[in-house]
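This report looks at how aromatic side chains pair with one another and where a charged side chain meets them. Please read it alongside the sequence and the structure shown below.

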Amino acid sequence: MAMFYLDNDSLSLVVSSLGGSVLKLAARSAGREIPLLRPAALNATTPAQQAGCFPLVPFGNRVKQNRFSFEGRDYVLSTNTAGDRHYLHGDGWLQQWQCIEQRSDFLRLRYQHRQGPYQYRVDQCFTLQRQQLRLELTVEHRGENPMPYGLGWHPFFPLAPHTQLQAPADACWLEAEEWLPGVKAPLGEDMDFNRLAGLPRRWLNNGFSGWNGQANIQWPEQGIGLQMNTEPACPVYFIFISDPAFDPGYQFEFFCLEPMTHAANGHNMPGLGGLRRLVKGESFSQTLLLGYSAR
């Protein structure tokens, strides 16, 4: 296990080989450091679910009953986390990544998965560009049979009393049993972020469709804002806000805004919900940009 430190005049970044996760991303502004992601313990053993951000590969979220059929073959996925019977968020966030290249402002990590239905190699690159962190995932399918792939990230953002979010969407999937997406519905009153709005203090675990791949988070208390961009534009984002009844000790101090190239449970949707079909040796990439501006 290892940790990697990157910095420039505007940003400080700490990445862990465990899960290829970000333990720290902080802005340097007016002589102080302001967390842009939820601060985590700077320890090589910090699990990804306690980090500030982790990658979603070979897809994000869950597949209903861990089963799907694709091109005439039936597949069964194995549970990978305690407390959830699903194959949750894929493999990358739970495994060790290898450092391929590192400079003061650049890091390339690699993970290879050789067992089960999904066999692939994935690279994750971190680049500091002035006041912006660029993250790029590239996955290459290495199994014999074609498979559907998706990419994304699971960032945890600080949540303060006056935090506001803008992330355009046209609808959301209501949450069904076992945290799976249910039917599509219009945006609820406290779930409409087409304009800058405050975040609710209640359980929220929903996917949003019709996204343009851009979001804006404002922390008025800190006098700072974060701009999220995806290249190409991700069509779906997920919002997760926990609840003290579910997670004792949680005090609404963070929320998740997860960009994804596909819908959750896309394996069982017409058109695969945006998942990409890859044959052996074929790859695709997704980029996430997190930049800040101070007032």
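Is F156 buried or exposed, and what is its relative accessible area? In this predicted model, F156 has a relative accessible area of 6% and is buried, because the cut-off for buried is under 20%. F254 is likewise counted as buried, its relative accessibility being 7%.

The aromatic pairs number 19 by the rule applied here. Within the pair of Y118 and Y149 the ring planes stand at 85°, with centres 5.0 Å apart, so the arrangement is edge-to-face. Because Y118 belongs to the loop between β9 (106-113) and β10 (120-129), whereas Y149 belongs to strand β12 (residues 147-149), this pair ties together parts that are 31 residues apart in sequence. Y118 and Y149 are both buried. The rings of F156 and F254 also form an edge-to-face pair, since their planes are at 70° and their centres 5.5 Å apart. Here distant parts of the chain are linked, with F156 in strand β13 (residues 152-158) and F254 in strand β22 (residues 254-260), 98 residues apart.

One aromatic cluster is formed by F59, Y87, W97, Y111, Y118, Y120 and Y149.

The charged side chain enters the picture at the pair of F156 and F254, where R38 lies over the face of F156 and also over the face of F254. The distances to the ring centres are set out below.

| Charged residue | Ring | Distance to ring centre |
|---|---|---|
| R38 | F156 | 3.9 Å |
| R38 | F254 | 4.5 Å |

Key
Residues are numbered from 1 along each chain as its sequence is written. This is a predicted model: local features need pLDDT of at least 70, side-chain atom pairs count only at pLDDT 80 or more; totals for chains, interfaces and linings use all residues. Side-chain values use heavy atoms; hydrogens and water are left out. Rings of Phe, Tyr and Trp (its six-membered ring) pair if their centres lie within 6.5 Å; planes under 30 degrees apart count as stacked, over 60 as edge-to-face and the rest as tilted. Helices (H or I, at least four residues) and strands (E, at least two) are DSSP runs, numbered from the N terminus. Buried means under 20% relative accessible area, exposed over 50%, partly exposed in between (1.4 Å probe, protein chains only). A charge sits over a ring if NZ of Lys or CZ of Arg is within 6 Å of the ring centre and within 35 degrees of the ring normal.
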